[in-house]
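Visitor: I would like a close look at a single part of this model, followed by an account of the surroundings of the ligand.

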Amino acid sequence: MQQYDIVIIGGGPAGLAAAIKAKEEGIDSILILERDKSFGGILNQCIHNGFGLHTFKEELTGPEYAQRFIDKVEEAKIQYKLNTMVIDINEKKIITAVNDEDGILEIQAKAIILAMGCRERPRGAINIPGSRCAGIYTAGTAQKFVNIEGEMPGKEVVILGSGDIGLIMARRMTLEGAKVKAVVELMPYSGGLKRNIVQCLDDFNIPLRLAHTVTKIEGKDRVTGVTISKVDKNLKPIKGTEEYIACDTLLLSVGLLPENELSRTAGVKLGVTGGPEVDERMGTNVEGIFACGNVLHVHDLVDFVTEESYNAGKNASDYVKGKKVEEYKVELFTGEGVGYTVPKFIHKNNIGNGVDVRFRVRNVYKDSYISVYFDDTREIYKKKRVLAPGEMETVKLTEEMFGKYPDCKSITVKIEGIL
Ligand SMILES: Cc1cc2nc3c(=O)[nH]c(=O)nc-3n(C[C@H](O)[C@H](O)[C@H](O)COP(=O)(O)OP(=O)(O)OC[C@H]3O[C@@H](n4cnc5c(N)ncnc54)[C@H](O)[C@@H]3O)c2cc1C
């Protein structure tokens, strides 16, 4: 059986950054396993710009951003296998993978970094009534067709879901000559970044139909139209509000799910994000297994993926070198308005230069406050003009704060002053 100090599953931006950091930390025995024929993950099909503003202070396209990390992996001579699908990880950190050249491979790792990204929710997950005709794609599949294969999925398009992928595809399809008739969103607000609403919809006069959903798909062999309906405050369609839109294509952008089948087989505990529960080291409940990137929680900006993955790479290296963290850790909880936090636990002897706690809010809140409580004492109270589920928020917890509450058992992040 082959043996490596650190094996990284996935060669998207998360896996690449984790590998580079581990190498910088002095680990030579590293292997990246990637199922695709090239590195870069989802960035390869994101040919729009807007990547790297935080990391490089430049606006790069997805492939340009990824290439900077691919070059570093090559320069550092980090070992990798492309076209290699990992099919199992067990609790002893034995990885089973398969590819054309080696057949079935078994690899023993001292530490594993999970960086498998996420996948899109398909039509089956939302049960839209209607025929099973052609012309229904997830937005990411359509993006791959247009940007990589050079094929147009359709000419008259309705998009369900206004997260970033839906918004970006509305612009992309328009630029390629399609007519995007509407972006339909179940919630009363968009799930995407504000900048994407402006640059992808407003600039192209594409209507955003908030608090609406698709209630019927029509067409025999190919989609001929969809019916949309307004929804009430319980998100149920309101009778009598049906509206027919003729189209030949329906794109679904209805959420991303962290890709965690392998995490489960390894015994990793998953949390509310659908990804592993991690501590400040990005360490999971299984000693020596770390996670970073979209496999952990869905990110809006790749820059945060990179930061988080450097952290995972550093800590996996420390683990291999035998650095121990104390058993005792503080647990993070969510209060009103907050959906989840990453990390879920913090070791008090490992605060370093502070711990960035990332989270998303549950709704749109105006003129409210992000509050952080150490047990019952409020330590952070930060006013925010607007908070929205589409934008990830961060609070930094410092060593000084932990110093003030040496016996603290729990930390709660919540939104206060909600009108
Ligand atoms: C359409 C879209 C638009 C976006 N736009 C922006 C933007 O404008 N600006 C921005 O900053 N961010 C944007 N993002 C977000 C950013 O691209 C992602 O957050 C980032 O790509 C996540 O990186 P990752 O490495 O965690 O996952 P991925 O990029 O998904 O990489 C995961 C990798 O793991 C591999 N893998 C999975 N399972 C296995 C397995 N079993 N064996 C081997 N390999 C495996 C996959 O093939 C893939 O290469 C966008 C994302 C999408 C989807």
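Is Phe39 buried or exposed, and what is its relative accessible area?

Guide: In this predicted model, Phe39 is buried, because its relative accessible area is 5%, and the cut-off for a buried residue is under 20%. The residue lies in the loop between strand S2 (30-33) and strand S3 (49-51). Leaving aside neighbours within four places in sequence, Phe39 is in contact with Gly11, Leu16, Ile32, Glu34, Asn44, Ile70, Val73, Tyr80 and Leu82. One of these contacts, Leu16, is 23 residues away along the chain, and the C-alpha atoms of Phe39 and Leu16 are separated by 8.2 Å.

Glu34, which is in contact with Phe39, leads on to the ligand, since Glu34 is listed with Ala14, Ile42, Asn294 and Val302 as the residues that come nearest among the 32 around the ligand. A polar backbone atom of Ile42 is 2.9 Å from an oxygen atom of the ligand, a polar backbone atom of Asn294 is 2.8 Å from an oxygen atom of the ligand, and a polar backbone atom of Asp300 is 3.2 Å from a nitrogen atom of the ligand. Taken alone, the ligand exposes 1000 Å², of which the protein buries 94%. The elements that give two or more residues to the shell around the ligand are helix H1 (13-24), S3, strand S6 (85-89), H4 and helix H7 (302-320). By residue type, the shell divides into 17 nonpolar, 11 polar and four charged residues.

Notes
Residues are numbered from 1 along each chain as its sequence is written. This is a predicted model: local features need pLDDT of at least 70, side-chain atom pairs count only at pLDDT 80 or more; totals for chains, interfaces and linings use all residues. Side-chain values use heavy atoms; hydrogens and water are left out. Helices (H or I, at least four residues) and strands (E, at least two) are DSSP runs, numbered from the N terminus. Buried means under 20% relative accessible area, exposed over 50%, partly exposed in between (1.4 Å probe, protein chains only). Contact means heavy atoms within 4.5 Å. A residue is near a molecule or strand if one of its heavy atoms lies within 4 Å of it. A polar contact is a pair of N or O atoms within 3.5 Å; within protein, one must be able to donate a hydrogen and the other to accept it, and residues adjacent in sequence count only if both atoms are side-chain atoms. Accessible areas come from the Shrake-Rupley method with a 1.4 Å probe; for residues, only the protein chains shown count as cover. Ala, Val, Leu, Ile, Met, Phe, Trp, Tyr, Cys and Pro count as nonpolar, Asp, Glu, Lys and Arg as charged, and the others, Gly among them, as polar.
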